[in-house]
Amino acid sequence: MSYEPKLAAALSGATMAQLSHWRHASGAGGAVLVPEISATRPILYSFRDVVALRTCVRLRQETSLQRIRRAVDSLRDDLGEREHLSAYQLVTDGDTV
């Protein structure tokens with residue numbers, strides 16, 4: 001099943017602007033979440049993407065996007081983890097992720 005950005009935003013609690021921002025690389029950091037089904041028009045998110053987006057929304061309520069990006073980049077680059085972001089349990093204490 002695939003979800004258009006508007007529905008993915010509603011299901012995850014993210015805004016459309018957040019979805020757009022999170023799927024693009026920013027500065028030295030990579031994208032937080034590139035849609036699994038289609039990252040180009042038409043943009044389509046998978047169920048796993050929606051689960052991961054919901055986690056990002058929750059983390060974003062307690063910490064900065066820079067810290068979230070740093071944690072995701074660390075998973076991918078430093079630890080070599082290549083699973084979908086929904087496969088991980090990310091938590092924050094407000095200072096670290």
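Trainee: In this predicted model, which residues of α3 are buried?

Mentor: The model is predicted, and burial here means a relative accessible area under 20%. The residues of α3 that count as buried are Asp49, Val50, Ala52, Leu53, Cys56, Val57 and Leu59.

Trainee: What covers the buried residues of α3?

Mentor: The buried residues of α3 include Val50, Leu53 and Val57, and these three also take part in the contact with α1. The cover over the buried residues of α3 includes α1, α2 and α4.

Trainee: How far does α3 reach from its first C-alpha to its last?

Mentor: α3 has 16 residues, and at 1.5 Å a residue a reach of 22 Å is expected. The value in the model is close to that expectation, at 24 Å.

Trainee: At what angle do α1 and α3 pack, and which residues make the contact?

Mentor: The axes of α1 and α3 are 9 Å apart, and the angle between them is about 50°. The two helices are therefore oblique to each other, and α1 passes α3 in a right-handed crossing. The contact is made by Ala8, Leu11 and Ser12 of α1 together with Val50, Leu53, Arg54 and Val57 of α3.

Trainee: Which element gives the most residues to the largest nonpolar core?

Mentor: The largest nonpolar core has 23 residues, and those with the most contacts inside it are Ala8, Leu19, Trp22, Tyr45, Leu53 and Leu85. Two or more residues of this core come from each of α1 (5–12), α2 (16–22), α3 (47–62) and α4 (65–78). The greatest share, 6 residues, comes from α3.

Trainee: Which residues does leucine 53 touch, not counting residues up to four places away in sequence?

Mentor: Leucine 53 is among the residues with the most contacts inside the largest nonpolar core. With residues up to four places away in sequence not counted, leucine 53 touches Ala8, Ser12, Leu19, Trp22, Leu33 and Tyr45.

Trainee: Against which elements do the buried residues of α4 pack?

Mentor: The 14 residues of α4 should span 20 Å at 1.5 Å a residue, and the end C-alpha atoms, 19 Å apart, agree with this. Within α4, the buried residues are Leu65, Ile68, Arg69, Ala71, Val72, Asp73 and Leu75. Their packing partners are α2 and α3.

Trainee: Is glycine 80 buried, exposed or partly exposed?

Mentor: Glycine 80 comes just after α4 and takes a positive phi of about 70°. The C-alpha atoms of glycine 80 and glycine 94 are separated by 25 Å, with their positions 14 residues apart along the chain. Burial would require a relative accessible area under 20%, and exposure one over 50%. At 42% relative accessibility, glycine 80 is therefore partly exposed.

Trainee: Is histidine 84 buried or exposed, and with which residues is it in contact?

Mentor: Histidine 84 lies in the segment after α4. Its relative accessible area is 13%, so histidine 84 is buried. Apart from its neighbours within four places in sequence, histidine 84 is in contact with Leu33, Glu36, Ser46, Arg48, Asp49 and Ala52.

Trainee: What separates the C-alpha atoms of histidine 84 and histidine 24?

Mentor: Histidine 84 and histidine 24 are 60 residues apart along the chain. Their C-alpha atoms are separated by 16 Å.

Trainee: Is the peptide bond from arginine 41 to proline 42 cis or trans?

Mentor: Proline 42 is placed in the loop between α2 and α3. The peptide bond that joins arginine 41 to proline 42 has an omega near -5°, and this bond is cis.

Terms used: Residues numbered from 1 in each chain as written. Predicted model: local features only at pLDDT ≥ 70, side-chain atom pairs only at ≥ 80, totals over all residues. Heavy atoms only, no water. Core = buried A, V, L, I, M, F, W, Y, C linked by side-chain atoms within 4.5 Å. Buried < 20%, exposed > 50% of the residue type's maximum accessible area, 1.4 Å probe, protein only. Helix = DSSP H or I, 4+ residues; strand = E, 2+ residues; numbered from the N terminus. Contact = heavy atoms within 4.5 Å. Expected span 1.5 Å × (residues − 1). Axes fitted to C-alpha atoms, helices over the stretch in contact; angles between N-to-C directions. Parallel < 35°, antiparallel > 145°, perpendicular 65-115°, else oblique. Left-handed = near helix turned anticlockwise from the far one by under 90°.
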